[in-house]
Amino acid sequence: MNVLVLGGDGFCGWPTALHLSAGGHDVTIVDNFARRSADVELGAESLTPIRPLEERLDAWTALGGRAIGFRRIDVAKAYEALEAALRELAPDAIVHFAEQRAAPYSMKSPRHKRYTVDNNINATNNLLCAMVEAAPDAHLVHLGTMGVYGYGKAKGLRIPEGYVDATLRADGREASVEIVYPPDPGSIYHMTKTQDALLFAFYAKNDGLRITDLHQGVVWGTLTPETVADERLINRFDYDGDYGTVLNRFLMQAAIGHPLTIHGTGGQTRAFIHIRDTVRCIELAALSGPARGKRVRILNQMTETHRVRDLARMVSDMTGVPVRTMENPRKEAAENDLQVANDGLVRLGLKPTRLSEGLMGEVIDVARRYANRCDTAKVVATSRW
Ligand code: NAD
Ligand code: USQ
């Protein structure tokens with residue numbers, strides 16, 4: 001495949017670009033370094049010393065990898081450049097990671113809310129619009145989120161892959177229909193993903209675009225077989241209160257002896273996936289798109305669910321670092337259950353990596369190695385809503 005990876009300098013995008021390249025695909029990364037700019041804005045760098053993208057790419061080719069191309073394009077703003085790149089590169093598949101992805105960041109202030117909406121929705125609409133003009137047969141693989149489903153409505157049901165049977169009742173009549181699972185976002189960030197979904201449905205119906213939306217759970221881990229080949233290929237490790245995600249934060253906190261920061265009762269149950277499985281899922285999805293004219297294919301990209309306090313307890317038992325419950329900075333259900341169908345990716349060949357002490361220990365080792373880069377003032381989450 002000839003693949004474009006939008007957002008290929010980020011936490012999921014970089015190891016995905018390497019994995020696809022190692023798998024024999026031709027890869028071009030598109031990025032505007034918005035995430036590196038957010039590091040500067042927040043004064044909180046990746047725990048791991050990520051190298052400039054050019055150095056990463058040179059290191060990959062020096063180690064014998066297939067050359068990976070790069071275009072610096074703001075997908076949300078530079079429409080003409082994006083359309084020209086699609087025309088010139090004629091991708092078979094486009095993987096779209098290029099959005100602002102942190103819920104706490106999206107809720108920090110009016111500026112952050114507006115930026116997240118402008119960036120994410122315009123990026124997706126620009127891409128779809130450019131595909132109609134310049135790459136109508138390409139397969140779009142978008143990284144969405146499990147958070148679009150919300151955490152309150154399932155009432156014991158397994159959350160299906162995007163669509164659900166429903167009965168419409170009006171004027172004393174009933175009609176059976178299949179609808180998109182009712183969206184219920186918990187932050188401005190998650191809300192942008194529910195808006196993306198409407199754009200996808202429209203462009204698939206109106207223009208016959210081939211689209212897969214992957215509803216991914218919280219990603220944990222940091223290493224993949226490709227990123228460990230050389231320190232210059234190292235992946236991001238976000239630990240701060242805005243961008244760090246829960247399990248990696250607990251593992252990093254354990255590494256530096258900081259009490260594990262449970263929000264509220266820790267009764268929130270979430271879906272999880274290891275970064276190694278993320279990159280495999282993207283390849284499996286990209287190789288198997290829907291035909292033109294078909295509805296958007298939605299797959300739940302997760303391997304297991306866990307309650308936050310159980311994860312904290314597991315990490316605490318492994319390391320002896322205590323847990324600390326704190327007032328929840330977020331507006332979210334204090335307790336929820338969560339069961340999720342992930343049959344689609346398993347059918348395509350995903351062999352789920354389960355949470356294991358070995359893999360958690362690997363993350364702790366990475367965090368210990370770079371602990372001197374940690375700014376402990378950035379550990380506790382400060383964005384409240
Ligand atoms: P990230 O912030 O590390 O990477 C996103 C990349 O996109 C960055 O390199 C950034 O510079 C780039 N980008 C953002 N806006 C852009 C624009 N307008 N033009 C060009 N490039 C732009 O995030 P990530 O953790 O790699 O997440 C990638 C995608 O996966 C996101 O869309 C996110 O919603 C989704 N996702 C992530 C997780 C997770 O736990 N990390 C879980 C579920 C879904
Ligand atoms: N939490 C804690 N302590 C912490 C950090 C988080 O208890 O120190 C709790 C949060 O309150 C929340 C849960 O852990 O209940 C998950 O928080 P998170 O920051 O790990 O995940 P979230 O904000 O949902 O966002 C992350 C990614 C996002 C992705 C989403 C997948 O940043 O890009 O879309 O996970 S999902 O959660 O399945 O929607």
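A residue counts as near a ligand here if one of its heavy atoms lies within 4 Å of it. Keep that cut-off in mind as you click through this model, which is predicted.

**Stop 1: the whole protein**

Start with everything shown as a cartoon. You should see 12 helices and 16 strands. Along its principal axes, the C-alpha trace spans about 65 × 55 × 40 Å. The radius of gyration is 20 Å, which agrees with the value near 21 Å that a compact globule of 385 residues would have.

**Stop 2: ligand 1**

Now select ligand 1 and the residues around it. There are 30 of them, and Cys 12, Asp 31, Asn 119, Tyr 189 and Lys 193 come nearest. Sort the shell by class and you get 13 nonpolar, nine polar and eight charged residues.

Next, draw a few distances. From a nitrogen atom of ligand 1 to a polar side-chain atom of Asp 74, the distance is 3.0 Å. Val 75 places a polar backbone atom 3.0 Å from a nitrogen atom of the ligand. For an oxygen atom of ligand 1, look to Val 219, where a backbone N or O atom lies 3.0 Å away. How much of ligand 1 does the protein cover? On its own the ligand has 820 Å² of accessible area, and the protein covers 97% of that.

Colour the elements behind this shell: α2 (34-42), β5 (139-145), α7 and β10 (218-220) each supply at least two residues.

**Stop 3: ligand 2**

Move on to ligand 2, with 23 residues around it. Those that come nearest are Thr 145, Tyr 189, Thr 261, Arg 330 and Glu 332. Tyr 189 is a name to keep selected, as it is also listed among the nearest residues to ligand 1.

Three distances are worth drawing here. A polar side-chain atom of Thr 145 is 2.7 Å from an oxygen atom of ligand 2. A polar backbone atom of Arg 101 is 2.8 Å from an oxygen atom of the ligand, and a polar side-chain atom of Arg 270 is 3.4 Å from one. Taken alone, ligand 2 exposes 740 Å², and the protein buries 95% of that.

Which elements give two or more residues to this shell? They are α7 (188-207), α8 (246-256) and β11 (260-263). The largest share, three residues, comes from β11. By class, the shell holds eight nonpolar, 10 polar and five charged residues.

**Stop 4: the second largest pocket**

Stay with α7, and hide the ligands. This helix gives eight residues to the lining of the second largest pocket, the most of any element. Along with α7, β9 (210-216) gives two or more residues to that lining.

The pocket has a volume of about 330 Å³. Its lining counts 20 residues, and Val 180, Thr 194, Ala 197, Leu 198 and Ile 298 lie nearest the centre. Twelve of the lining residues are nonpolar, four are polar and four are charged.

**Stop 5: the cavity**

For the last stop, go back to Arg 101, which you met beside ligand 2. Arg 101 also lines the largest cavity, together with Phe 11, Asp 238, Tyr 243, Thr 245 and Asn 248. About 40 Å³ of space lies inside. How many cavities of 30 Å³ or more does a search of the whole structure find? The search finds one. Its lining divides into two nonpolar, two polar and two charged residues.

Note on methods:
Residues are numbered from 1 along each chain as its sequence is written. Chains are lettered from A and ligands numbered from 1 in the order in which they are written. This is a predicted model: local features need pLDDT of at least 70, side-chain atom pairs count only at pLDDT 80 or more; totals for chains, interfaces and linings use all residues. Side-chain values use heavy atoms; hydrogens and water are left out. A polar contact is a pair of N or O atoms within 3.5 Å; within protein, one must be able to donate a hydrogen and the other to accept it, and residues adjacent in sequence count only if both atoms are side-chain atoms. Accessible areas come from the Shrake-Rupley method with a 1.4 Å probe; for residues, only the protein chains shown count as cover. Helices (H or I, at least four residues) and strands (E, at least two) are DSSP runs, numbered from the N terminus. Ala, Val, Leu, Ile, Met, Phe, Trp, Tyr, Cys and Pro count as nonpolar, Asp, Glu, Lys and Arg as charged, and the others, Gly among them, as polar. On a 1 Å grid over the protein atoms alone, a cavity is a set of points where a 1.4 Å probe fits but cannot get out, and a pocket is an open set with protein on both sides within 12 Å along at least five of seven lines; lining residues have an atom within 4 Å of a point. Grid points are joined across faces, edges and corners, and a volume is the space filled by probe spheres set on the points. The radius of gyration is taken over C-alpha atoms; the globule rule is 2.2 Å times the number of residues to the power 0.38.
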